[in-house]
Structures are given as structure tokens and as C-alpha cells.
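Please work through the exercises below with the sequence and the coordinates at hand, and try each task before reading its solution.

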Amino acid sequence: MSNCKCCSNEEVNENHHNEHSHNHDHEHNHDNNKLFLIISLFLFFAGIIIQYVIKPEWFVDQQMVRLAWFLVSYIFVAYPVWGETFKLAKKFDFFNEFSLMGIATLGAFLIGEYPEGVAVMLFYTIGEMFQEAAVNKARNNIKALLDVRPEIAHVFRNGKFITIKPSEVEIDEIIQVKVGEKVSLDGILLSEKGSFNTSALTGESKPSTYKKGDLVLSGMLNLENVVEIKTTKKFEDSSISKILKMVQEASSRKAPTELFIRKFAKIYTPIIFFLALALVTIPYFFVENYVFSDWLYRGLVFLVVSCPCALVISIPLGYFGGIGAASRNGILIKGSNFLDLLARINTVVMDKTGTLTEGVFQVQKIETNYNQDDFLNYVAALESKSTHPIAKAIVNYHHSDFIVTDVEEISGKGLKGIVNSKIVLAGNSKLLDQYSISYPETINNVVESIVVVAIDNQFAGYIIVADKIKSDAQEAIHKMKNLGVTETIILSGDKDVITQKVAKEVGVNLAYGELLPEGKVNKVEELRKDVHKKIAFVGDGINDAPVLALADVGIAMGGLGSDAAIETADVVIQTDQPSKIATAIKIGRETKKIVIQNIILAMGIKAIVLLLGAEGIANMWEAVFADVGVALLAILNAVRIQRMNFKN
């Protein structure tokens, strides 16, 4: 049974669902509440069957027997609610959901409407349990998303490496990072050298080599050898811990609609008390044949109907459902206010490297007048003697068993060597110029990185190596435009010709290359001058952090995203897929739609039943539907967003 103070001065008590959810005493009480609810339900329905179906004299004609029966049923389900009522009363909070329900049900008993009194409390409690289950499901979705982050560290203790949780590693301990693993804690590299994918941190589309004594950061991906690192920070100071904290705090960032509902409830609830009191007392002075019990019943109906919990539960739950749905789709949204903002986005500005492109070099094109396999064997064999990222891209693309000797590195130009008894040159066009080897002039017009090859002093062909566009980048832009995003822009530090080429391929409206971080900031500030633009910026590196903070919504690519970008951003895409940008916007819009539906549903039905209750037409059963029934419908509507398919 939830202890959510949905009509009190506090927000929905979400701590009930997180830090304390694993507390033994809490779980024990929770199990007891469920047991008591089952007992109460059994007694209630048994009483209804006995009173209205079987109709024995000992029950129907004996008011005290009926009172005792339903009172026992009532006590089992009502004691937590009355407990909260008295607890809040000690804090001088008299007008809240608990006191409203308590007074209404107690009044029903006073005028002999025992089944109605129990029904109100029972269905209210069931509604609270639905809410709790929905919130827990959304929270578990978010936690499951975060569980994919590194959870182990290989630490050197007692003469050997043991695998433990990163939180158990102390400062100045030695950890081992295997190939393909992310560095779990910041530290100093103890190994002679290590190669790491740092595109998330630097924005550069090439791996970086670190030497002994260099600082290695959490989030880097180890590419080659097993390395050892001496830690300089504890786990709680790492980006991973900060992300977990962000999840816990996500619900504290409220959307404007949610904040309005909370303020509305604080004013609305005491007004309802006094209106119900007026409904009972004022007719005494104006109505002939005034019967107190009849008007008290109307007042109680009024109290039950008017409880704002359908709004105050379902609105936050709608937003929380949106956050949960996003998490299931690999998107971390740090607060419901950002869901509201996502729903209004009409301009999306993106970094290029690591956002629309993979951030790593790959072979894109091969042109040769040789047999292609032979050509690649010669080039890959020679490039295997280099540590340059472009050389590694070629070696990764094609494995060669050709024998290489007499390798010479020509600074700034490329490599020369003997491969299977042939002289092979591989590098840029300046290398061929040095050896007076002619080649097609069109090579100088290629904007991507190019490896020009000569075999036995004759031009043999070339290989284009470039940062590959992500497979869903074009789809991402198309989806955004279908959602009503009117402007898409690329801001990149890469060459302008490459930036323009990528923009054209994926269908982006505008692109600006060769920008420093401050240049990106200036461009976004220019866009912000138009008050009609609601801007989302998408980036993945440390150099994107200032722009992420400046935009209306900052979106970070979090799979290999930097600590700074993830911490600064409002939304983190864990899968590094640009198509998720459109998914995030769609979830924001669907959440907003559901929230508006719930407001109309709750206010509309309550207004009708309130009028009918004041006229004496609606009874307590209609009141139960108008309150708990509408709350359940609103909750089910809110939960619906978690079941929606946002992949299309």
C-alpha cells in the first residue's frame, strides 16, 4: 500500500520507491498491507453477497452485526490511511488526500452506509497500489538501462588480480583493463603504452595512444593490449555514479504542468472541505423538510468525488511513464521538464563526429589497376608496420600474409618497403611526387583521407579511408522532419568540405565546418535569438559540453560519450544511434498528449458527478467511480505510454 502524499504539501514520495524499497522493515510492512487488503476484500465481498444475495435475517435485520462485519473489513484497509492522516496532522497539514478519504468514509459509517464506506477506502487503496506498481516498473526500466554500464573492476590484491565491484576499489589501487573493456575508474597508466578509443572525449575520429604516466579517464575503451592503471578517484566520484544519482533525481525536475497540478491541489483540497461543509449546513436555512443525514450524505459524496488524486497521481505518473518508456528505448531523460521541452523541439543542431558518424576510420573505397586481393595484400602488409590509425583501418579491413622487409617511414608522407620482392610505396600524393611517380590529377580533389599506392615505381591505385556515416543517420533526419522539426544543422570541427558532404548525404538543411568549441556556442546563441526556435543540441565529446548546456535540450551520445557531455546533457542516448533523437522527441510529444488527456478525463467526469452529487442524484458508488475509477483509468492511460512502440 503506497504512502504517496499526492494531495499533501509534498510531491509524490518517490523515495518510498527507491532508497527504502530494499529496506527489510519496509518490505515486511508492505507484505502485511497486501495481506490486510486481501482480508478486507474478502470480508467486503462476502458481506455484499450476504446482505444483497443471501439476505439472512441475522445479518439484514441486525444493524450491529452488519456494522461489526463491515467495520472489521474497514479497519484492515483503513489503518494505514488514518496513520498518515494523524502523522500529517502533527505537522499541521490537515487538508490532504488521507484526511479527505478518512472523513468521507467515517461519515458513511455514521449514516449507516457501511458498504459504501468500505468500498471507498478499498478502491482508493487499490488505486494507490496500481500507481506504485506503475512507478516501480518505470524506475526498474531505467535501472535496467544503467546496468549495461561497467560493473566490474579487476583489482590487484594479495598478489593476484581479483574481480570486484568498482565501488570497492580504493584510491591508489592497481586495476587491470582487458581488451574491449571500458576503463571503470580514472587513473594513471602503469603499462608502457595503451591504445584507447577517445573519440567521446576529444571529438576526434581516431584512436589515441597513451604512454606510461598519462592520465586515463573513465569511459575510454581499451582497444589493444591488457593494461594496468593506478586509480586516482573513487567510484562514487566517477561519471557512472553521477549518472545513477541523476536517475534518482530525475523526478525532482518537474514539468510546468506537473508543478501547476501540485500547486492547484494545495489550494483546491481545503476549498473542497469547506464547500462540502457548506453543502451540509447552508441548506438548513433555505430547504424545507431539511434532513441532516441526507445532506451529510451529499457532502460525503462531494468529498469523495472531489479528491484530486486522479490528477495528482496520474500526471506525475504520465511523465514518469514517459521517462520509463524512454529508458526502454535506450534513452535516459533526466526530468519530466525535459519531456515537455522535447515535445516542443523544432530545431535540431548536431555535432558530426561520433553523432552522425561512427567516429572511427574505415576503408570506404578501393581503386586499382591490379587484382584487388593482390593489391590489398601488398598495401596491408606494408601498413601492418605502422601504428597510424589509417594504417590500422586498412589492416583491419584486409589481412595479408605477404612478407615485408626494409620498411622505411618517410615523415609526413607515408611508408616505403619491400613486399614479396616488390618495392611498395603507400602514403599521400607527396610521397609519389618525391619519387617522380605520375598519378591521376583527380586524386588531389578527394576530400577524405586517401592512401595512394605505387608498386615497383608505377601508380597502382588508391584506398579512401574515412569516418563512416552511421547506418541510421539518414533515417534519423527523415524521422525528425516527419515529426515537424523544421531545421536540422551540423556544427563540426572537421574540414568544411567533409562536413558539407556528410550533410548532403544524410539530408541536413545547413552545415558549418572548421568550428572551434566557442564557434559552436556562437552559432547556437545566434539561433536562440529567434524566440520561436526550440533548440536541441546533440553531441558526444567534452568539446560539446558548453553547447549542450546552452541549448533548450542538450542530448548526449552516451554509449561512448564523455563524462562531461553525459553530466551536462539533459538527455543521454545510450545506444549512440542518431535515430533515437527522433524517438526522444516522439516520446516527449506522446507523453504530453497523454497528460492532457488525463486532465480532461479527470476534470470532466468529476465536474459532472460533483453537480449530480450536490443535487442528490449521484450516490457514493458513483462517487467511488468518479474518484478511484477515474484515477485508475488515468493511471492505466499513463502506463500506456510504456507499452507504445516507438521504433517505427
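The exercises that follow concern a predicted model, and each task is followed by a stepwise solution.

**Exercise 1.** Determine whether Val287 is buried, partly exposed or exposed, and state where it lies and which patch it belongs to.

*Solution.* Begin with the location: Val287 sits in the loop between helix H8 (256–281) and helix H9 (292–306). Next, take its relative accessible area, which is 32%. Buried would require under 20% and exposed over 50%, so Val287 is classed as partly exposed. Patch membership requires over 30% relative accessible area, and Val287 joins Ile282, Tyr284, Phe285 and Phe286 in a nonpolar surface patch, whose accessible area together is about 600 Å².

**Exercise 2.** Establish the strand order of the open sheet of six strands, and identify its edge strands.

*Solution.* Following the pairings across the sheet gives the order S2-S1-S3-S9-S4-S7, with antiparallel pairing. The edges are strand S2 (160–164) and strand S7 (215–216), each of which pairs on one side only. At the S2 edge, strand S1 (residues 153–157) is joined to S2 by five bridges, and the two strands run antiparallel. To locate one residue pair, take Phe156, whose bridge partner in S2 is Phe161.

**Exercise 3.** Summarise the protein chain as a whole through its secondary structure, burial, contacts and surface.

*Solution.* Counting elements first, the protein chain has 21 helices and 22 strands. Of its 648 residues, 54% are buried. Turning to contacts between residues at least 6 apart in sequence, 67% join residues at least 24 apart. Finally, the protein chain exposes about 29100 Å², of which carbon and sulfur atoms supply 56%.

Technical notes: Residues numbered from 1 in each chain as written. Predicted model: local features only at pLDDT ≥ 70, side-chain atom pairs only at ≥ 80, totals over all residues. Heavy atoms only, no water. Patch = residues over 30% accessible without salt bridge, like charges linked within 9 Å, V, L, I, M, F, W, Y side chains within 5 Å. Areas by Shrake-Rupley, 256 points an atom, 1.4 Å probe, with all protein chains shown as cover. Salt bridge = Lys/Arg side-chain N within 4 Å of Asp/Glu carboxyl O. Helix = DSSP H or I, 4+ residues; strand = E, 2+ residues; numbered from the N terminus. Buried < 20%, exposed > 50% of the residue type's maximum accessible area, 1.4 Å probe, protein only. Pairing = 2+ DSSP bridges. Contact = heavy atoms within 4.5 Å.
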